[in-house]
Amino acid sequence: MPEATSRLTNPHTSRSTDPSTPRATDPSAVGVPHPGAEAEGPHPLDNPTRASLTGPHAHFAERRGRILRYGADVTPWLALPDAPDAQDWADAAALAGPGALVTVTAFREPPPADWEIVFHAEGVQLVDASVDAAPDPEAVLLGPADVPDMLDLVERTRPGPFLPRTVELGTYLGIRRAGVLVAMAGERLHPPGWTEISGVCTDSSVRGQGLATRLVRAVAHGIRERGETPFLHAAASNTSAIRLYESLGFTLRRRTAFLSAVVPAGAEPHADARTGGQVTGSLERVGRQ
């Protein structure tokens, strides 16, 4: 989730009229080839978390009813159906647990009244239209052994959520100076045919040297090599980042929203309205282990 500044009680806020924020384009006019472009039905980027957890990231998925989520130490994203009903919210509460924070993207409807909204931000989704993707000779592959350094860089730069197992979601590249990790970027959501570039951050000591640009191009190169298309998200208020991504060849596909809400402390399992059966507190792991 992009770093944002607003804490609201109602997710229905006005869309930005800042002239520096890019104008939304017709998704069909983006001109980016992708697998299944002619297929009917929802686009995988319309609900990217769900498309990831039912597709290439199925081995990370935990399920309850129609609700899917990543493990709590992987990334905070939870996937709702496109039109969630009361049972879906009950399943989300049971899956996450009372008092837990549930984070969703591409969702504008408010949660039930007893859920406390603690974070809301308008966002944008951009896709690769003409990125000059290229490997970077200074970039090094980051893995589990680098997680302490990655978490330290994230703490200093606040690019958005990065947890101990986020590195498992895809390729992460970094640049070190005198042994210190000073910049990184990597892959997060993975809808079929697409890969999200995320975790882009640069230490203040090396800002202005173009390291973020180089790493984004390098990560994009790896995604392209797999025959997939890079995309990314940014807070609509982060106009400097949006300008950077547009200068690299990313194009606005759609506006979106990010929301985090706390599961009510008194949330309890109840009868499944669809089946009449009793909902239990168990969860089902789906996909490969």
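In the predicted model, strands β9 and β10 are joined by three bridges and run parallel to each other. Within this pair, Glu196 has Phe231 of β10 as its bridge partner. On its other side, β10 is paired with β5; these two strands run antiparallel and share five bridges. Here Gly123 is the residue that stands opposite Ala235 of β10. Strand β10 is mostly covered, with seven of its seven residues buried. Thr229, Phe231, His233 and Ala235 point one way from the strand, whereas Pro230, Leu232 and Ala234 point the other way, and all are buried.

These strands belong to an open sheet of eight strands with mixed pairing, arranged in the order β4-β11-β5-β10-β9-β8-β7-β6. Its edges are formed by β4 (101–105) and β6 (140–142), each of which pairs on one side only. On average, neighbouring strands of the sheet are turned by 30 degrees against each other, when direction is ignored. Four bridges connect β8 (residues 180–187) with β9 (residues 194–202), and this pairing is antiparallel. In one of these positions, Met184 is matched with Cys201 of β9 as its bridge partner.

Two of the helices that pack on the sheet are described here. Helix α3 (residues 147–157) touches β6, β7 (172–177), β8 and β9, and its direction makes about 90 degrees with that of β8. Helix α5 (residues 239–248) touches β5 (116–128), β9, β10 (229–235) and β11 (250–262), and its direction makes about 160 degrees with that of β10.

Thr157 lies in helix α3. This residue counts as buried because its relative accessibility is 15%, and the limit for the buried class is under 20%. The side chain of Thr157 reaches the backbone oxygen of Leu153 at 2.7 Å. When neighbours within four places in sequence are left aside, Thr157 is in contact with Cys201, Thr202, Asp203 and Arg207.

In soluble globular proteins, nonpolar side chains tend to be buried together. In the present model, the largest nonpolar core holds 27 residues, of which Val124, Ile197, Tyr245 and Phe250 touch the most other members. Two or more residues are given to this core by each of the elements β5, β7, β8, α4 (211–225), β10, α5 and β11. Helix α4 supplies the largest share, with seven residues. Apart from residues up to four places away in sequence, Val124 touches Leu232, His233, Ala234, Ala236, Ile242, Leu252, Arg254, Arg255 and Thr256. A second core, separate from the largest one, consists of 19 residues, among them Tyr70, Val74, Phe119 and Leu189.

For the protein as a whole, five helices and 12 strands are found. Of its 289 residues, 50% count as buried. Among contacts with a separation of 6 or more, 76% join residues that are 24 or more positions apart. The protein exposes about 13100 Å², and carbon and sulfur atoms supply 52% of this area.

Technical notes: Residues are numbered from 1 along each chain as its sequence is written. This is a predicted model: local features need pLDDT of at least 70, side-chain atom pairs count only at pLDDT 80 or more; totals for chains, interfaces and linings use all residues. Side-chain values use heavy atoms; hydrogens and water are left out. Two strands pair if DSSP finds at least two bridges between them. Axes are lines fitted to C-alpha atoms, for helices over the stretch in contact, and angles run from 0 to 180 degrees between N-to-C directions. Contact means heavy atoms within 4.5 Å. A nonpolar core is a set of buried Ala, Val, Leu, Ile, Met, Phe, Trp, Tyr and Cys residues joined through side-chain atoms within 4.5 Å. Buried means under 20% relative accessible area, exposed over 50%, partly exposed in between (1.4 Å probe, protein chains only). Accessible areas come from the Shrake-Rupley method with a 1.4 Å probe; for residues, only the protein chains shown count as cover. A polar contact is a pair of N or O atoms within 3.5 Å; within protein, one must be able to donate a hydrogen and the other to accept it, and residues adjacent in sequence count only if both atoms are side-chain atoms.
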